[in-house]
Amino acid sequence: MTEKNPVAIRSLFNHIANRYDLANSLLSFHLHALWNQKVSQRIFQKSAPQMIVDLCSGTGDIAIRTLKFAERKKIALTQIHLVDFSEEMLKVAKHKALKLPLEMQEKMIFKQADVTNLSYESSFFDGAVCAYGVRNVNNIPLFLSEVHRTLKPKGTFVILELTRPKHVLMKKLHDLYIRTFIPLIGKWLTSNKDAYGYLQESIRSFTSPNQLARMAEEAGFTHVEIEPLSGGIATLLLLHK
Ligand SMILES: C[S@@+](CC[C@H](N)C(=O)[O-])C[C@H]1O[C@@H](n2cnc3c(N)ncnc32)[C@H](O)[C@@H]1O
């Protein structure tokens, strides 16, 4: 499993769903909480979207944070759709949602689907988010154009991805982290050789923010903003339709 084969990727996430949240926290030294919170802040920065879609939603951390953020800021968020093709990741998300107040639960719509083939009508959402998902999607241009199609004009799409730092010292530390820590967590997550290989590769294959920004522009997005986080080991991309 060296290529981004959707069937194998779905099965990998089904396999690791119950350990995913802990793995994410360990791999990021819990920095993911800070980065994920930024996604929720940025989606409401310039407007007050009422209909949001969380693409490659996984176990729902971003969607739940976004709902809570809207509640705190008294933003009238109507619905947040969680779209993912892994039924097991969605199952974990649904389980976590049960701990929320009923009025929040009612705003969450779960949808098992491939993000490169969204069955929503055009201009359906005011905002879209996708955290750590893009690098798993096999056809990124198709994915970006689907998001562009389903967003209303002036809608915002916030992408969060793991990236490589630019600073020399940070880069050295990052390389060490890739060589030592990632294999350790990968082994703990799955002993399946193929799945393990892909996981390693996907974590290692850090997306270049500039390349992603170019692809987003080709899909029709404008005013692309790039915001490095924690010295560039993660990056937020703000895309506007
Ligand atoms: C690394 S996880 C990220 C989960 C979540 N966004 C988070 O913040 O933790 C990637 C998720 O993308 C999903 N995924 C990958 N490719 C997909 C596709 N083509 N369509 C739908 N979901 C996809 C996987 O099932 C997995 O749940």
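This tour visits the sheet, one helix, the shell around the ligand and several individual residues of a predicted model.

**The sheet**

Begin by selecting the strands of the open sheet, of which there are 7. Their order across the sheet is E3-E2-E1-E4-E5-E7-E6, and the pairing is mixed. Which strands stand at the edges? Strand E3 (108-112) and E6 do, and each has a single partner strand, so one side of each is left without a neighbour in the sheet. Viewed from one strand to the next, the twist averages 15°.

For a parallel pair, select strand E1 (residues 51-55) together with strand E4 (residues 125-131), which are joined over 4 bridges. Within this pair, Leu-55 stands opposite Cys-130 in E4.

**Strand E7 and its two partners**

Next select strand E7, residues 234-240. Of its 7 residues, 6 are buried, and the strand is therefore described as mostly covered. In a regular strand, the side chains alternate between the two faces of the sheet.

Add strand E5 (residues 151-162) to the selection; E5 and E7 pair in the antiparallel sense over 7 bridges. A residue pair to display here is Ile-159 with Leu-237, the latter in E7, since the two stand opposite each other.

Then add strand E6 (residues 222-229), which runs antiparallel to E7 and is joined to E7 by 6 bridges. Two positions illustrate this pairing. Pro-228 stands opposite Thr-235 in E7, and the bridge partner of Glu-225 is Leu-238, also in E7.

**The hairpin and Ser-230**

Remain with E6 and E7, which form a hairpin with 4 residues between the strands. Select Ser-230, whose place is in the loop between E6 and E7. The phi of Ser-230 is near 45°, a positive value in a residue other than glycine. Is Ser-230 buried, exposed or partly exposed? Ser-230 is partly exposed, because 14 other C-beta atoms lie within 10 Å.

**Phe-29, between two helices**

Move now to Phe-29, in the loop between H1 and H2. Phe-29 also has a positive phi, of about 50°, although it is not a glycine. Phe-29 counts as exposed because it has 11 C-beta neighbours inside 10 Å.

**Helix H2**

From Phe-29, proceed to helix H2, residues 31-43. At 1.5 Å a residue, its 13 residues should span 18 Å, and the end C-alpha atoms are 19 Å apart, which agrees. Colour the buried residues of H2: His-32, Trp-35, Asn-36, Val-39, Ser-40 and Ile-43. Seen down the axis of H2, these buried residues fall within an arc of 150°, so they line one face of the helix. An α-helix has 3.6 residues a turn, so residues three or four places apart point the same way. Turn the helix to its other side, where Ala-33 and Leu-34 are exposed.

**The shell around the ligand**

Select the ligand and the 22 residues around it. Which residues come nearest? They are Phe-13, Cys-56, Gly-58, Ser-86 and Ala-131. By class, the shell comprises 11 nonpolar, 7 polar and 4 charged residues. Helix H1 (6-27) and helix H3 (61-72) each supply at least two residues of this shell. The largest share, 5 residues, comes from H1.

**Two exposed residues**

After the ligand, select Lys-74, in the loop between H3 and strand E2 (79-84). Lys-74 counts as exposed because there are 7 C-beta neighbours inside 10 Å. Draw a distance from the C-alpha atom of Lys-74 to that of Thr-59: the two residues are 15 residues apart along the chain, and the atoms are separated by 25 Å.

Finally, select Glu-218, which lies in helix H9 (residues 209-218). Glu-218, with 11 C-beta neighbours inside 10 Å, counts as exposed. How far apart in space are Glu-218 and Tyr-20, which are 198 residues apart in sequence? The distance from C-alpha to C-alpha is 32 Å.

Key:
Residues numbered from 1 in each chain as written. Predicted model: local features only at pLDDT ≥ 70, side-chain atom pairs only at ≥ 80, totals over all residues. Buried ≥ 20, exposed ≤ 12 C-beta atoms within 10 Å, placed from the backbone. Pairing = 2+ DSSP bridges. Expected span 1.5 Å × (residues − 1). Arc of directions from axis to C-beta. Near = placed C-beta within 6 Å. Nonpolar A, V, L, I, M, F, W, Y, C, P; charged D, E, K, R; others polar. Axes fitted to C-alpha atoms, helices over the stretch in contact; angles between N-to-C directions.
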